[in-house]
Amino acid sequence: MLRISKRGSAANEPKLRQINGRLLALAVLPAVVLPALAGCSDPGASAAGTAPETTAARNGVVYNTSPEQNRIRADKDAALAAKVPAAIGRDGKLTVATTAGSIPLSFHATDDKTPIGVEVDIAQFVADKLGLELDLQVTSWENWPLKTQSGDFEAVFSNVGINAARVKLFDFSSYRAAYMGFEAKKTSSYTVNGADDISGLKVSVGSGTNQEKILLAWNKDLESRGKAPATLQYYSSDADTILALSSGRTDLNIAPYSSVTYRENTRDDLKVVGKVNAGWPSETLVAATTLKGNGLAPAITDALNSAIKDGSYAKVLDRWGLSEEALPESKTVTEANFVVGAVK
């Protein structure tokens with residue numbers, strides 16, 4: 001049974017902010033690791049609007065967005081369950097945070113309250129294999145680091161990328177490739193391969209995200225070479241962002257690659273015009289995030305590898321059209337074994 005927390009919402013983010021997301025993060029995270037801790041693939045902006053309960057996409061996937069998900073489940077594995085730290089397994093639950101903000105990663109179903117998506121599905125079969133009930137809690141992007149440190153959340157499944165700052169506070173179990181995509185109107189002629197391709201354009205981006213970090217670095221490079229930087233624009237939700245893009249108020253949007261490809265395959269007016277690793281200029285992976293040193297990450301890693309071996313992992317990714325983001329194995333990444341640029 002899923003228990004949804006109402007604490008924190010992306011709707012509380014100020015609209016159309018023209019501030020540096022890293023400054024925003026100073027209010028909620030320890031300064032020593034703020035810039036990279038705040039950055040990820042998506043801040044959890046809600047995808048608003050009424051939609052049919054199934055959507056047939058051009059990539060052949062039929063997306064089920066209803067509350068009745070019929071998820072791919074797994075049986076308890078006694079050997080894996082035995083690896084769960086006693087302090088975490090004592091209540092019989094795995095308390096997982098997700099931001100419920102971006103299709104098909106984590107978002108609200110057509111009832112506007114049930115969180116669904118690939119992140120939820122993966123969290124579910126991990127909990128199953130560990131013999132724990134999934135206690136899913138929706139939170140804002142800004143809240144998950146502190147609440148994981150405080151113990152309110154035992155794991156985070158929300159498109160979190162591994163980076164040098166986060167490994168100082170958290171351990172990771174990798175489970176998907178991490179890419180950002182640029183999208184534009186289908187009638188545009190844009191192609192984005194690097195900084196020069198965004199010069200002088202208006203680009204929407206989530207505040208405090210890895211994609212913002214990339215754009216800020218690209219703008220710095222452009223300015224150092226005497227070229228016009230991109231104008232970064234910030235919106236409070238996916239709906240507002242896409243409305244601005246489709247109406248021509250912005251030229252480009254950068255978001256998780258899985259989300260921009262979803263829109264390309266389900267809309268007639270948008271297309272993907274570029275792709276970049278979320279860890280640019282290095283590489284990174286999406287991973288389950290747990291408190292550093294609490295012993296849970298190895299158990300989650302083993303559960304993920306079990307699902308990769310038995311095929312349930314592939315079925316979940318196929319279900320959401322994300323098979324190209326599949327990994328051959330999950331790895332536990334900690335501060336002790338993390339190497340910048342080598343998270344593959």
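User: In this model, is K83 buried, partly exposed or exposed?

Analyst: The model is a predicted one. K83 has a relative accessible area of 45%, and since partly exposed covers the range between 20% and 50%, K83 is therefore classed as partly exposed.

User: Which residue does the side chain of K83 meet in a salt bridge?

Analyst: The general idea is that side chains of opposite charge can pair when their charged atoms come close. Here, K83 pairs with D302, at 2.7 Å from N to O. Because K83 sits in the loop between helix 3 (78-81) and helix 4 (86-89), while D302 belongs to helix 10 (residues 296-310), the salt bridge ties together parts 219 residues apart in sequence. D302 is likewise partly exposed, with a relative accessible area of 26%.

User: With which residues does E335 form salt bridges?

Analyst: E335 meets K168 at 4.0 Å, N to O. This pair links distant parts of the chain, 167 residues apart: E335 is in the segment after strand 15 (332-333), and K168 is in the loop between strand 7 (155-156) and strand 8 (170-177). E335 also forms a salt bridge with K292, whose closest N and O atoms are 2.4 Å apart. K292 lies in the loop between strand 14 (285-291) and helix 10, so its pairing with E335 ties together parts 43 residues apart in sequence.

User: How accessible are E335, K168 and K292?

Analyst: Each is partly exposed: E335 at 34%, K168 at 42% and K292 at 37% relative accessibility.

User: How many salt bridges does a search of the whole structure find?

Analyst: The search finds 17. Salt bridges with shared partners also join D196, D221, R225 and K227 into one network.

Methods
Residues are numbered from 1 along each chain as its sequence is written. This is a predicted model: local features need pLDDT of at least 70, side-chain atom pairs count only at pLDDT 80 or more; totals for chains, interfaces and linings use all residues. Side-chain values use heavy atoms; hydrogens and water are left out. Helices (H or I, at least four residues) and strands (E, at least two) are DSSP runs, numbered from the N terminus. Buried means under 20% relative accessible area, exposed over 50%, partly exposed in between (1.4 Å probe, protein chains only).
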